[in-house]
Amino acid sequence: MASLAQQFTGLRCSPLSTSRLSKPFSPKQTKTTLLPIVSASVISNAQTKERLKLKEIFEDAQERCRTAPMEGVSFNLETFYSALEKYDFNSEIGTKVKGVVFHTDNKGALVDITAKSSAHLKVEDACMHKIKHVEEVGIVPGVKEEFVIIGENEDDDSLILSLKTIQFELAWERCRQLQAEDVVVKGRVVGANKGGVVAVVEGLRGFVPFSQLSTKSAAEELIEKDIPLKFVEVDEEQSRLVLSNRKAMADNQAQLGIGSVVLGTVQSLKPYGAFIDIGGINGLLHVSQISHDRVSDIATVLQPGDTLKVMILSHDRERGRVSLSTKKLEPTPGDMIRNPTLVFEKAEEMAQTFRQRIAQAEAMARADMLRFQPESGLTLSSDGILGPVTSDLPLEGLDLSDVPPAVVTE
C-alpha cells in the first residue's frame with residue numbers, strides 16, 4: 001500500500017479565500033475536511049505566503065486611494081479643471097464660439113467646437129450673400145472661424161451655427177463708421193419703388209429717396225448701376241439705412257469750387273430753367289442765368305443732350321444743389337443766344353476775369369471792415385487792397401448771381 005503522502009501526490013490546492021484565511025481552526029471540523037487542508041499546507045505553503053503578500057499589497061493600495069488618491073500621479077486637480085474649462089463653453093443662443101470645419105457638403109458644413117457633438121453650419125447661414133455651396137466663401141475642411149450659436153437641433157442636441165449673423169453685425173458697424181467719417185461710398189442699385197431706389201452698400205440694402213437722387217433718369221434705368229452715396233441714417237435696431245446720392249455728388253464735385261467752369265450735358269428743360277448734368281450732379285441753369293438778353297423760350301437756346309460749358313454760381317452741399325450760369329461767360333451780352341460757340345471758347349478766360357473781380361470785391365469788403373476794427377492789426381497793400389488778389393474762392397456759402405461788374409477807374 002502506498003504511503004499517505006504518495007496518495008496525495010499531484011493534488012492541487014484550491015484558491016484560498018479571505019474568509020478561509022481569517023477564520024480560526026475549529027475542533028468540530030471532521031477528519032475528511034482536515035486532511036486536505038493539512039496536506040495543502042504542507043505541499044503549497046509557498047503559494048499561501050505569496051497570496052498573503054498580494055492581499056497586503058491590495059489592501060495598502062486601497063487605503064492610499066482612499067486617503068491620498070493623487071499621490072504619485074501627474075494628473076492633478078488643477079490639470080483636471082483646466083481640461084474641463086477647455087471643453088466647457090456657454091451654449092446659449094447668441095454666444096460666439098471658435099471652431100474648425102472638418103466636413104462640407106451641399107447642405108453646409110460640420111464644425112468641431114469642442115462640444116459633446118459637432119455643430120452644423122447651414123448654407124443659408126454661411127454668408128450674408130446668396131450662395132449654393134459653403135466652399136464658395138472659403139468654408140473648407142481645416143478652416144478656423146468664429147461662429148455664433150443661433151439654435152439647436154432637437155433630434156441630436158447638436159448646435160446650429162451662423163457666420164451670416166456676424167457678417168451683418170460687422171456691416172452695420174462699418175456703416176456707422178463711414179457715416180461718422182462722412183465719406184462717399186459706391187452702392188449698387190438693385191431695385192426701385194414709388195419712393196426711390198434700393199441700393200446695396202457694405203452688403204446691406206439701403207433706401208435712396210428720389211429727393212436724394214441727383215440724376216433725373218428713371219429709376220429703372222439705374223438698376224444694376226453703381227452710384228456714389230453718403231449715409232443719412234444708420235439705425236441697426238430698426239434695420240433702417242437711408243442714403244443720399246445728392247450729397248455724395250456734391251462732395252465729389254467740391255473741388256470745382258464756386259466760379260469754376262465745368263462741362264455739362266442738358267438733361268431736361270423746365271419753364272424756369274434747364275437741368276445740367278455736371279459729372280453726376282444735376283445743376284440748375286436758371287432761365288435768368290442763360291444770357292444777359294431775355295430768354296422767353298429755353299427750347300430756342302438749349303435742347304436735351306446738348307453739351308455746353310457752365311460756371312458754378314453757388315453750391316449747397318448740405319442739400320446737394322448747384323446753381324449754374326452761362327450768362328457770366330458771355331464776352332458780350334446776348335452771345336449765348338447769337339453765338340454760343342464763342343461763349344464756350346472764351347469760357348475759361350471770362351471765368352478767370354470774373355473770379356478776379358470777385359476776389360477784388362471781397363478784399364475791398366474786408367478793407368471796409370478794417371476801418372471799424374483797427375485793433376485787428378491788418379494792413380492794406382499799396383494798391384489799397386486787403387490781402388492778395390487770388391483765384392482761390394470759398395467752396396460754399398457765396399452766391400455770385402448778383403455780383404455787380406467791377407468799376408474800372410483810370
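Okay, let's start with one residue: D182 is partly exposed, at 46% relative accessibility (partly exposed sits between buried, under 20% relative accessible area, and exposed, over 50%, with a 1.4 Å probe and protein chains only). Before I go on, this is a predicted model, where local features need pLDDT of at least 70 and side-chain atom pairs count only at pLDDT 80 or more, while totals for chains, interfaces and linings use all residues. Residues are numbered from 1 along each chain as its sequence is written, and side-chain values use heavy atoms, with hydrogens and water left out.

So what does D182 pair with? Its side chain meets K230 in a salt bridge, 2.8 Å from N to O (that term means a side-chain nitrogen of Lys or Arg within 4 Å of a carboxyl oxygen of Asp or Glu). K230 is in strand β9, and D182 is in the loop between α6 and β6, 48 residues apart (helices, H or I, of at least four residues and strands, E, of at least two are DSSP runs, numbered from the N terminus). Unlike its partly exposed partner, K230 is buried, at 7%.

There are 11 salt bridges in the structure. Another one joins K96 and E169, with the closest N and O atoms 3.4 Å apart. K96 lies in strand β1 and E169 in helix α6, so this pair ties together parts 73 residues apart in sequence.

Now the nonpolar side. The largest nonpolar core has 28 residues, and L302 is among those touching the most other members (a core is a set of buried Ala, Val, Leu, Ile, Met, Phe, Trp, Tyr and Cys residues joined through side-chain atoms within 4.5 Å). β14 gives the most to this core, 5 residues.
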